[in-house]
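Reader: Please set out the reasoning behind the terms applied to this structure. I should like each label to be set against its criterion.

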Amino acid sequence: MKSLLKLTNVNSYYGKIRALNNLSLEINEGEIVALLGSNGAGKSTTLKTISGLIKPKSGEIEWNGQSLVGVPPHKIVESGIIHVPEGRRIFGGLTITENLELGAFTFRKNKKWVKEGIERSFDLFPRLKERAKQPAGTLSGGEQQMLAISRGLMGDPKLLMLDEPSMGLAPIIVQEIMRIIKEINKQGTTILLIEQNAKAALRLANRGYLIEIGNIILHDTADVLREDDKIIKAYLGA
Amino acid sequence: SSKTGSGDNASGDEILVGVLLPVTGNNATDGKDMLNAMKMAVEKINSDGGVLKKKIKLEVADDGCDPQMATTAANKLVSKKVVAIVGGYCSGSTLPASGVFHNANIPMIVAAANSSELPKQNYDTLFLINGLVPDQAQSGADYFNDKGAKNIAIIHDNSAYAKDLADFAKKSVEENGGKIIAFEAINPEEKDFGSLMTKLKSLKPDGTYFTGYYAAGGLMLKQFKQKGVSGSFMVGDGSYSPDIIDIAGSEAANDLLVTATPTANFIPGAEEFVKNYKSKYKDLSPGPFSALSYNGMNLLVDALKRADSTDKDKIKKALKETKAFEGIGQVIEFSDQNTLSQSNFHVMKVVGGEFTLEK
Amino acid sequence: MKKYKKHSLLLLVIVMFILPLLLDIYWLDVLTLVLFYVVLTQGLNIVVGYTGLLDLGYAAFFAVGAYTTAILMTTFHWSFWLTLPVAAIFAAVAGIIVGTPTLRLRSDYLAIVTLGFGEIVRILAINLDITGSASGIYGIPRPTIGSYVLSSQQDFYYLILIVAILSVLVVYRLGHSRIGRAWVYIREDEDAAEAMGINRIRLKLLSYATGAVIGSLAGSIFAVKMSAIAPLSFSFLQSVMILLAVVLGGLGSIPGVVIGAALVIVLPEVLRGAEDWRYLIFGVALVIMMIFRPQGILPKKYETEDRSDPEEETNDKNHSISV
Amino acid sequence: MDVFLQIFFDGLVIGAFYSLIALGYTMVYGIIKLLNFAHGDFYMLGAFIGYALLSFFTGDGGLNAGLLGIGAVFIVTMIIVGLAGMGVERIAYRPLLTAPRLSILITAIGVSLSLEYASMIGWGASYKVYPIKLPKNGLEIIGAQISFAQIGLIVLSALLMIGLRLFIEKTIYGKAMRAIALDQAACSLMGINVYRIISLTFFIGAFLAAGAGIMSGVYYGTINFMMGFIIGLKAFTAAVLGGIGNITGAMIGGLVLGLVESYGTYYLGGSWKDVLAFGILILFLVFKPTGILGAKEMERM
Amino acid sequence: MSILTVKNLKLQFGGLLAVNDLSFTVEKNTISSIIGPNGAGKTSVFNMITGFYRPTSGEIELDGTSLINNKPSQITKLGMARTFQNLRLFPNLSALDNVKSGMHCRTKEAVWGALFHTKSQKEEERLIDEVAQECIDFVGVRKYMKRSAKNLPYGAQRYLEIARALATKPKILLLDEPAAGLNFEEKQYLIQLIRRIRDEFQITVLMIEHDMGLIKEISEHITVIDYGCKIAEGTPDEVLKNEKVIEAYLGKEDVI
Ligand SMILES: Nc1ncnc2c1ncn2[C@@H]1O[C@H](COP(=O)(O)OP(=O)(O)OP(=O)(O)O)[C@@H](O)[C@H]1O
Ligand SMILES: Nc1ncnc2c1ncn2[C@@H]1O[C@H](COP(=O)(O)OP(=O)(O)OP(=O)(O)O)[C@@H](O)[C@H]1O
Ligand SMILES: CC(C)C[C@H](N)C(=O)O
Ligand SMILES: [Mg+2]
Ligand SMILES: [Mg+2]
């Protein structure tokens with residue numbers, strides 16, 4: 001297995017608040033990796049650091065053998081890392097279609113790609129098609145999450161980082177989304193997944209990391225983690 | 001009133017005289033012309049040995065034609081303990097400033113500002129050496145009357161001076177049996193008077209009198225001609241500046257009428273002044289209020305000599321008692337209200353891009 | 001700590017009372033103007049700083065106070081002191097008139113509506129006879145206390161100083177009350193405030209009215225201090241300068257806003273010597289100050305506790321895109 | 001009737017100027033929610049740089065620049081001022097993009113003062129007379145006159161409005177601009193170089209304002225360093241009246257404001273026209289709080 | 001006895017019928033929930049009940065009083081409090097100040113009292129502080145009391161929003177997806193908290209949730225809506241077995 005992304009001793013701050021504390025992790029090509037941890041542990045910060053929204057104070061981030069430290073976010077997107085952020089962050093005042101088009105901003109010259117991408121999104125989430133011309137801000141929470149994921153896919157990710165994609169979704173949609181994540185992965189996209197729904201996440205993932213106060217305190221294959229006492233107590237329930 | 005700042009700055013070998021003028025802002029051109037003339041006067045006085053065995057020194061404060069700025073500037077002059085003030089261009093800022101000087105009992109010779117509101121304050125410290133607005137309005141109205149122009153439009157710019165002049169002009173025109181067919185105001189910061197000119201045009205005036213300052217006056221004149229409004233265009237002394245011809249273009253400015261006290265160029269016996277001024281200031285002609293400013297400074301020195309002291313009350317008294325002071329183009333004596341007992345307004349006309357004396 | 005703060009405040013007040021004895025009349029005048037701005041900025045601080053309503057026409061309330069006092073004293077020969085409550089009532093009404101149509105508006109629409117009101121008030125002053133039209137009102141009598149006539153620079157300095165102290169006190173007390181908190185809730189999130197049972201309409205109007213009353217007070221004193229007032233003093237630029245002082249000092253922060261007032265007045269005076277360069281330097285200084293202190297010079301702190309870890313402190317400046 | 005129509009034309013001309021400036025105003029507002037108080041000063045800067053270039057080419061006042069030369073001066077000036085706009089954004093606004101919105105309003109005031117007084121130092125405080133003048137010929141329509149210059153002005157601002165609108169609505173850059181207005185961080189996660197797009201916005205805004213500035217110099221004949229102030233304020237009003245952030249709205253707002261002022265001058269007199277204009281604005285906003293074309297914001301709880 | 005009655009409620013956005021002829025009641029002192037697919041109109045129902053949206057038609061009664069045409073602030077004063085699906089705290093204010101906002105509608109001191117620090121004003125301020133602290137203690141975020149809301153961990157922000165709602169002393173509390181983003185352990189805590197709110201304060205709780213584990217555990221009554229219409233209601237056992245509900249909402253797999 002080829003290592004795709006590697007974080008070594010990364011430290012990130014919000015102003016003076018330290019959010020990542022010598023964090024190291026590694027993602028191999030073709031994997032689904034789950035990132036677990038309680039609120040405020042630093043999961044989202046990890047993703048923000050990878051996608052360049054936050055510049056780490058120290059440490060190394062390697063992507064395909066190249067350093068990502070100090071590279072601006074739009075360049076990181078171009079290199080194939082796509083981050084679907086927590087809280088959806090869709091563009092409320094723009095229509096669904098426009099949101100999708102912007103997802104393919106790096107492919108803006110390739111009209112065909114954009115068009116096909118939009119069609120694929122509508123196949124994936126027919127509900128979006130019904131509302132294609134509606135301002136995205138009027139979508140329900142779940143609909144917005146669907147839009148956020150498909151917008152991320154528009155950028156043709158090699159690594160797709162999903163921050164709590166099932167948050168606020170109806171059970172049937174969660175199943176759907178988990179299925180789609182699996183599907184996306186099968187088609188060759190590596191996935192880094194943050195999930196509070198640990199049961200579902202570990203069912204999906206090959207490996208998992210447990211993060212606490214900005215630091216990895218446990219990592220192993222999903223099967224092993226599912227049996228871990230600590231994980232059971234805090235994340236799975238007896 | 002209290003006498004703060006009563007100790008004056010006449011100790012040492014200098015007498016400090018305050019100058020209050022707009023040296024920045026829209027009216028800076030005229031303000032600087034006035035300052036130049038005052039500096040010239042002071043230079044001459046000092047080279048002739050000064051006054052009371054001391055040299056005159058000017059302390060300049062900028063009022064920017066803004067009332068609030070003027071009060072601060074006035075207070076600054078008071079704090080410098082000047083013995084007297086020469087200056088005052090815009091009536092709007094001279095009004096509050098004169099109050100500050102009155103409180104400090106500092107005499108002020110106003111060289112240009114001439115709104116009728118100024119003497120109405122009844123300050124014993126305030127002396128006006130420009131002709132007053134009512135006289136100016138009268139000369140404008142009379143001119144129109146003489147030329148048979150009965151239907152008159154009046155436009156002002158909502159400044160203290162322009163509104164005053166407009167009001168008096170209205171009165172004078174009506175007294176002369178004329179008719180005011182429009183009485184309008186503009187915002188001097190704006191440039192487009194298209195619809196106002198359309199309105200004038202539809203009223204077919206015999207004469208239009210704009211009482212504001214030259215920047216707006218020039219633009220208005222240009223648009224007046226462009227729209228082809230009937231009758232002649234007249235402006236007050238706030239627009240008496242070569243700039244108005246520049247702005248309007250000499251073609252549009254042809255036949256422009258101005259009510260004003262004549263500049264040095266037209267005054268017999270002022271050739272010397274014009275020559276000196278030009279040689280001192282790189283060929284720049286004296287501005288419309290240069291001569292008055294020159295006179296104001298000399299009048300003050302004359303009063304200082306007569307008072308033989310820098311005591312404010314004595315200067316006031318000496319000023320009040322001025323008898324037939326001979327300035328360039330005017331003889332100064334004060335009425336009960338400390339205004340000129342005789343004013344000197346004329347109508348000028350632009351011919352071939354130059355101001356000429358019309359009446 | 002708190003005691004120390006109280007003492008230094010007291011000291012400041014004493015210094016302010018002694019200062020006139022040490023300053024020449026020019027600097028005294030500048031300082032007087034600073035105090036006028038302190039009052040004005042406190043008033044605007046309620047509206048913009050606490051309630052978060054962007055007001056670009058605040059000078060209108062200053063004008064309402066000034067003209068009310070001027071007219072009542074010159075035309076109707078009222079005593080100065082009696083004009084104050086009348087001016088305050090007029091201003092409060094004006095505040096409510098401005099406030100009512102703007103309640104539903106978002107902040108930038110609000111800005112233009114207040115700007116419009118400010119201009120309308122100024123244009124009315126220019127055009128109406130009762131306000132002396134363009135040349136304004138002059139010859140406003142001096143106020144008297146018993147037989148003493150307030151007329152010197154010092155007299156007005158002390159008068160405005162007392163009003164400034166009072167206005168700081170008023171804003172402080174309101175700010176630390178249920179009302180002041182409600183204003184801040186509205187600023188932070190109008191809908192959430194409404195959900196908490198806060199009647200935003202009533203509180204916004206109260207905010208406007210309170211701000212207006214404070215502004216009018218400054219105006220009334222301005223009228224007697226200047227003894228002449230003209231429409232030009234109540235222009236849009238005046239409103240902008242007051243707002244400038246509030247933001248520069250730190251929105252919602254009482255001491256910050258006082259510093260802002262001082263800077264906005266004193267800086268241009270200090271720069272007088274730079275002549276033509278004066279406003280260029282002032283403009284550049286504004287930009288630089290904002291870049292280095294985007295929250296204002298002395299911003300309001302809403303977190304009161306000293307954190308155990310001195311390293312821990314939010315500082316948003318380090319990352320340029322908010323994430 | 002001819003007077004009524006004439007006033008209409010007069011109003012359209014003022015309105016066209018308001019519109020041109022309001023376009024840039026609204027665009028910058030639309031993307032970073034900045035009330036760019038310095039925007040009117042780019043108009044002033046355009047007028048002055050155009051003045052400097054024209055004076056240089058025409059040797060102080062001649063009429064021998066030729067149409068091509070004048071066209072070149074226009075373009076060059078607009079580009080210079082556009083770049084200046086970008087520079088101002090880079091220096092004075094970018095460090096404050098995440099600061100409270102009012103802070104950046106204050107920098108805008110600072111920038112405005114700086115531009116005005118730097119121009120004053122550079123070119124002097126007094127009025128400058130523009131070195132070229134417009135031909136006066138035109139058309140007469142039912143007794144009302146309109147010059148070709150005026151027609152050109154109105155047509156040009158309409159064209160610019162349409163072009164700008166197509167740009168914002170249809171191109172991916174335009175969409176990126178609107179997206180930046182909503183969420184900058186999310187934009188950079190789409191691979192958008194946020195700063196570059198903001199820069200572009202400032203360029204376009206200043207570019208348009210500069211064009212309006214030269215046109216005003218040529219049309220009215222004089223310029224001075226404060227000329228951007230009032231018109232900036234009016235353009236702001238126009239932009240809000242039209243629905244701030246909305247391109248077509250800015251255009252319509254400008255024209256409506258121009259017409260209101262023009263008819264106001266005629267029927268009520270110059271002193272009251274601004275009262276009328278602001279009065280209508282306020283009344284309008286009371287009944288339609290988002291301006292003529294501003295979309296009702298559909299905020300979800 | 002029912003505390004909240006919703007009758008024939010309808011809400012239209014342009015062409016979109018978000019809520020369609022919906023009726024349900026909430027019994028006093030129960031913990032009830034509304035579930036349904038995303039976009040079914042659940043939040044919209046909350047928004048209508050609390051006065052943020054004006055229903056196209058229909059009737060809403062709280063304890064026999066009609067709420068139609070009341071402003072949100074009036075409704076809160078009548079005894080209804082809510083939290084928001086996307087947190088709506090006052091971000092720059094301390095946690096304590098956030099919670100104090102809830103007491104606004106239960107106090108009355110005005111300008112006069114503030115200016116002169118009257119005795120009753122001081123007394124009231126003390127009360128506000130006391131109640132706010134109680135609420136903060138109750139949800140267990142005391143350690144963040146003086147920190148800005150925006151800097152709190154997400155979970156703490158959720159609890160803080162509940163504390164703020166409690167400070168309005170409601171008869172009924174509406175929670176919009178309170179468990180979203182919480183992990184298993186935190187959810188257990190939330191369950192306790194909701195129970196205590198009902199048991200200790202006798203506050204009726206109506207919530208929207210997608211977490212079936214939580215619903216099963218504490219909800220006594222469920223209303224299911226889809227496309228704005230009620231498709232089922234009853235106890236969790238009844239509802240979660242309903243075919244229609246499984247098809248529209250739950251799906252076949254177990255993802256909890
Ligand atoms: N914008 C911010 N400013 C300051 N501190 C922040 C900011 N965002 C996060 N933090 C802090 O950084 C730490 C890590 O936060 P992060 O969002 O990465 O947690 P998380 O594991 O994603 O939690 P959650 O499950 O709540 O999403 C927390 O202590 C949080 O309070
Ligand atoms: N302000 C609005 N304007 C237009 N449409 C709206 C508005 N608010 C909600 N809607 C629409 O109404 C429908 C119901 O939305 P609502 O938020 O009530 O759903 P929900 O049941 O709460 O969904 P979720 O579980 O995803 O939060 C959605 O299709 C949404 O697009
Ligand atoms: C031009 C001037 C003589 C000044 C003008 N008369 C005024 O009083 O404002
Ligand atoms: Mg997170
Ligand atoms: Mg919802």
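**Ligand sites, metal ions and helices**

Author: By class, the shell around ligand 3 comprises seven nonpolar, four polar and one charged residues. The model is a predicted one.

Reader: Which residues are around ligand 3?

Author: The shell consists of B:Tyr89, B:Cys90, B:Ser91, B:Ala112, B:Ala113, B:Asn114, B:Asn130, B:Tyr161, B:Tyr213, B:Asp237, B:Gly238 and B:Phe289. Asp is classed as charged and Gly as polar, so B:Asp237 and B:Gly238 of this shell fall into those classes.

Reader: What makes the pairing of B:Asn114 with ligand 3 a polar contact?

Author: The criterion is a pair of N or O atoms within 3.5 Å. A polar side-chain atom of B:Asn114 lies 2.6 Å from a nitrogen atom of ligand 3, so the pair satisfies the cut-off of 3.5 Å. An N or O atom in the side chain of B:Tyr213 is 2.5 Å from an oxygen atom of the ligand 3 molecule, and a polar backbone atom of B:Tyr89 is 3.3 Å from an oxygen atom of ligand 3. Taken alone, ligand 3 exposes 280 Å², of which the protein buries 100%.

Reader: Why is the site of ligand 1 called shared between chains?

Author: Residues from chains A and E surround ligand 1, and the site is therefore shared between chains. Of the 15 residues that surround ligand 1, the closest are A:Asn39, A:Lys43, A:Ser44, A:Thr45 and A:Glu86. Helix H1 (residues 43-50) of chain A gives the most to this shell, with three residues. By class, the shell around ligand 1 has four nonpolar, eight polar and three charged residues.

Reader: Which atoms of A:Glu86 and ligand 1 form a polar contact, and how far apart are they?

Author: An N or O atom in the side chain of A:Glu86 is 2.4 Å from an oxygen atom of ligand 1, which is within the 3.5 Å allowed for a polar contact. A backbone N or O atom of A:Gly40 lies 2.8 Å from an oxygen atom of ligand 1, and a polar side-chain atom of A:Gln196 lies 3.3 Å from an oxygen atom of ligand 1. The protein covers 83% of the 630 Å² of accessible area that ligand 1 has on its own.

Reader: What makes A:Ser44 and A:Glu86 donors of the magnesium ion, ligand 4?

Author: A donor is an N, O or S atom within 2.8 Å of such a metal. A:Ser44 (OG) and A:Glu86 (OE) coordinate the magnesium ion (ligand 4) at 1.8 to 2.3 Å, so both satisfy the limit of 2.8 Å. A:Ser44 lies in helix H1 of chain A and A:Glu86 in the loop between strand E6 (81-84) and helix H3 (96-103) of chain A, so the pair ties together parts that are 42 residues apart in sequence.

Reader: Are A:Ser44 and A:Glu86 buried or partly exposed?

Author: Buried means under 20% relative accessible area, and partly exposed covers values from there to 50%. A:Ser44, with a relative accessible area of 12%, is therefore buried, whereas A:Glu86, at 31%, counts as partly exposed.

Reader: Which protein donors does the magnesium ion in ligand 5 have?

Author: The donors are E:Thr43 (OG1) and E:Gln85 (OE1), lying 1.9 to 2.2 Å from the ion. The pair links distant parts of the chain, with E:Thr43 in helix H1 (residues 42-49) of chain E and E:Gln85 in the loop between strand E6 (80-82) and helix H3 (95-100) of chain E, 42 residues apart. E:Thr43 has a relative accessible area of 10% and is therefore buried; E:Gln85, at 10% relative accessibility, also counts as buried.

Reader: Why is H9(D) described as largely enclosed?

Author: Of the 16 residues of H9(D), 15 are buried, so the helix is largely enclosed by the rest of the structure. At 1.5 Å a residue, the 16 residues of helix H9 (residues 227-242) of chain D should span 22 Å, and the end C-alpha atoms are 23 Å apart, which agrees. D:Gly243 follows H9(D) and has a positive phi, near 110°.

Reader: Why is B:Leu128 called buried?

Author: B:Leu128 has 1% relative accessibility and therefore counts as buried, the cut-off being under 20%. B:Leu128 is found in strand E5 (residues 126-128) of chain B.

Terms used. Residues are numbered from 1 along each chain as its sequence is written. Chains are lettered from A and ligands numbered from 1 in the order in which they are written. This is a predicted model: local features need pLDDT of at least 70, side-chain atom pairs count only at pLDDT 80 or more; totals for chains, interfaces and linings use all residues. Side-chain values use heavy atoms; hydrogens and water are left out. A residue is near a molecule or strand if one of its heavy atoms lies within 4 Å of it. A polar contact is a pair of N or O atoms within 3.5 Å; within protein, one must be able to donate a hydrogen and the other to accept it, and residues adjacent in sequence count only if both atoms are side-chain atoms. Accessible areas come from the Shrake-Rupley method with a 1.4 Å probe; for residues, only the protein chains shown count as cover. Donors are N, O and S atoms within 2.8 Å of the metal (3.2 Å for Na, K and Ca); water is not among the atoms, so sites may look incomplete. Helices (H or I, at least four residues) and strands (E, at least two) are DSSP runs, numbered from the N terminus. Buried means under 20% relative accessible area, exposed over 50%, partly exposed in between (1.4 Å probe, protein chains only). The expected span of a helix is 1.5 Å times one less than its number of residues.
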